[in-house]
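Me: Hey, got a minute to walk me through a structure I've just opened? I'm new to this, so plain words please.

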Amino acid sequence: MKIKNICCIGAGYVGGPTMAVIAQKCPEVNVTVVDINEQRISAWNDKDVENIPIYEPGLSEIVREARGRNLFFSTDVDSAIDQADMIFISVNTPTKTYGIGKGMAADLKYIELCARQIARVAKDDKIVVEKSTLPVRTAQALKNILDHTGNGVNFQILSNPEFLAEGTAIDDLLYPDRVLIGGDIDSDEGKEAVNALVDVYAHWVEKDHILTTNVWSSELSKLTANAFLAQRVSSINAMSELCEKTGADVNEVAKAVGMDTRIGSKFLKSSVGFGGSCFQKDILNLVYISKSMGLNEVADYWEQVIIMNDHQKRRFAANMVRTLFNTVSGKKIALLGWAFKKDTNDTRESAAIYVADYLLNEQAEIVVYDPKVKTEQIYADLDYLNTRSSEENRKRVTVVNSPYEASRDSHAVAVLTEWDEFLKLDWQKIHESMLKPAFLFDGRRLLDRKTKEDIGFEFYAVGS
Ligand code: NAD
Ligand code: UDX
């Protein structure tokens, strides 16, 4: 079976880049990405590709090449479903904010709405692909909804979780460590569906990097991968606190430990805490699933990864207050970086939000500079916490478009995102413009201690 028309529901951080790459690599396949968010779709269709709604290195070039040729963005969800032989569901699956499982379980209402819409619109057989990250056994629920349409349409459900990381999405998509496809491999129809998706990826991914499994293994592998990755960050961050108390340096420890080939060197960078839309949400989901199956020890084990991460963010901010003579009330503090990591404009669950909130509770005046994040996003992130009124957030937080302006007359500067440009700043100039003593806090182990101390900074870095 050859796929000719793909529809992707959800034009977000995953749907947009993933479909752009599929369209670029499979010029004979028509790819339509649909979303209910009109603003997002019109940004994807903006004449100037630099205005597409997601910033990822290399993405705008691919969109420029494929858009209008075989890559389309639209709000007409029904038509795209109707025309497609394969439908990816790539909508958001946030943590529930209400009802049973509030604060833990994944909210599957958007997924269910998609399934019902597909069930209503489809007139011929379709392959439905779970691209969103979902609790294990969600495919069962999807199948239940789709199989009760009564119009004789057959659906095959595949799980094809996405492992891309933001900031490196295009490279991750072009050169994936593996592509994972779960399907009903015990039936001929299931195998045919799996092979159809394998053929799509085989346009640019070697066959031995395309892994096929049963659906449940595929769904659970995604949660497992994120839990393992986040666990490494929490493990090294736990050690960072011990390093600060003992004179050990967490970078040296990470290097020594990471050279053990059984451990490996990646994902051992100590930080102010991990952020991003996935790690916390997916681990909470894993904890919830485990608890609901009565696996309390499994749940507690993974929950500790989140507890450690919350502690790391709080402890970083508390250390700032303590260092600034136990008070930041009325003091100007510059935060460099708001995105949850460099090379993305995404701020979801960014540690910077929690550090800012903590400092605002201590009555600090905050000035933020981030090269990619928009001012309104920064206020929206703080408003979302509901700690204080949005008027007060606007009064006490200023967003500027230069790191020098942010630092001028400040008591302290904190680096919260590891943007490359922070390495190249004129730190001498920054020091001169600050109040003295000038405190510099490095939440990313980005800056060199010696040169900063030589300039005259009081320098503090996570894990040393
Ligand atoms: P996102 O919020 O950026 O995008 C989701 C989009 O889906 C939104 O634009 C929303 O308007 C749209 N949508 C929701 N319901 C819809 C409906 N019924 N019809 C049409 N459009 C609808 O989310 P994202 O970051 O792209 O994540 C999507 C999924 O992928 C999540 O399950 C996430 O866990 C997973 N994931 C994300 C990443 C990442 O780095 N962001 C990586 C791997 C996996
Ligand atoms: C993650 C997974 O890596 C990806 O496979 C999955 O598909 C989605 O979730 P993402 O959240 O985009 O990707 O970024 P990632 O690079 O994993 O970083 C997550 C957070 O951990 C960031 O805040 C980052 O700064 C932090 N981090 C990462 C560290 O603090 N130290 C590290 O060594 C690595």
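**Strands, ligands and loops**

Reply: Sure, let's start with one pair: L440 stands opposite F459 in β14. One thing to keep in mind is that this is a predicted model.

Me: Which strand pairs up with β14, and how many bridges join the two?
Reply: That's strand β13, residues 439–442; four bridges join it to β14, and the two run parallel.

Me: And in β14, which side chains are buried and which are not?
Reply: They alternate along residues 458–461. F459 and A461 point to one face and are buried, while E458 and Y460 point to the other face and are not.

Me: What comes just before β13?
Reply: A loop between α17 (427–433) and β13, and P437 sits in that loop. The peptide bond from K436 to P437 is cis, with omega near 0°.

Me: OK, new topic. Which residues are closest to ligand 1?
Reply: G10, G12, V14, S132 and T133 are the closest, out of 27 residues that surround ligand 1.

Me: Which helix gives the most to that shell?
Reply: Helix α5, residues 109–121, with three residues.

Me: And what's the mix of residue classes around ligand 1?
Reply: The shell has 13 nonpolar, ten polar and four charged residues.

Me: What about ligand 2, which residues come nearest there?
Reply: K269, S271, F274, G276 and C278 come nearest, among 19 residues around ligand 2. Helix α9, residues 215–246, gives the most to that shell, with three residues. By class, the shell around ligand 2 has eleven nonpolar, four polar and four charged residues.

Me: Back to helices. Why would you call α1 largely enclosed?
Reply: Because ten of its eleven residues are buried, helix α1 (residues 15–25) is largely enclosed by the rest of the structure.

Me: Which ones are the buried residues of α1?
Reply: They are G15, G16, P17, T18, M19, A20, V21, I22, A23 and Q24.

Me: How is the chain split into domains?
Reply: The domain assignment gives domain 1 (5–213) and domain 2 (308–461). Their C-alpha centres lie 37 Å apart.

Me: How many residues are in contact between domain 1 and domain 2?
Reply: Five residues of domain 1 are in contact with seven of domain 2. On the domain 1 side, those residues divide into three nonpolar, one polar and one charged.

Me: What does UniProt list for residues 334–449?
Reply: An unreviewed UniProt entry lists them as "domain: UDP-glucose/GDP-mannose dehydrogenase C-terminal". In this model, that span is 36% helix and 16% strand, and its end C-alpha atoms lie 19 Å apart.

Me: I heard phi can be positive. Where's N326, and what's its phi?
Reply: N326 is in the loop between α12 and β9 (332–336). Its phi is near 65°, a positive value in a residue other than glycine.

Me: Is N326 buried or exposed, and why?
Reply: N326 is exposed, because it has 9 other C-beta atoms within 10 Å, and a residue counts as exposed with 12 or fewer.

Me: What about E349, buried or exposed?
Reply: E349 is buried, because 21 other C-beta atoms lie within 10 Å, and the cut-off for buried is 20 or more. E349 lies in the loop between β9 and α13 (351–361), and its phi is near 60°, again a positive value in a residue other than glycine.

Me: Now the start of the chain. What is K4 in contact with?
Reply: Leaving aside neighbours within four places in sequence, K4 is in contact with V29, N30 and D85. K4 is found in the segment before β1 (5–9). It is partly exposed, with 13 other C-beta atoms within 10 Å.

Me: How far is K4 from D48?
Reply: Their C-alpha atoms are separated by 28 Å, and the two residues are 44 apart along the chain.

Me: Last one: where's E50, and what separates it from E61?
Reply: E50 is in the loop between α2 (38–44) and α3 (59–66). The C-alpha atoms of E50 and E61 are separated by 9.0 Å, with the two being eleven residues apart along the chain. E50 is exposed, with 9 other C-beta atoms within 10 Å.

Terms used
Residues numbered from 1 in each chain as written. Chains lettered and ligands numbered in written order. Predicted model: local features only at pLDDT ≥ 70, side-chain atom pairs only at ≥ 80, totals over all residues. UniProt positions renumbered as here; feature names shortened; annotations may be inferred. Near = placed C-beta within 6 Å. Nonpolar A, V, L, I, M, F, W, Y, C, P; charged D, E, K, R; others polar. Domains from an automatic or database assignment. Contact = placed C-beta atoms within 7 Å. Pairing = 2+ DSSP bridges.
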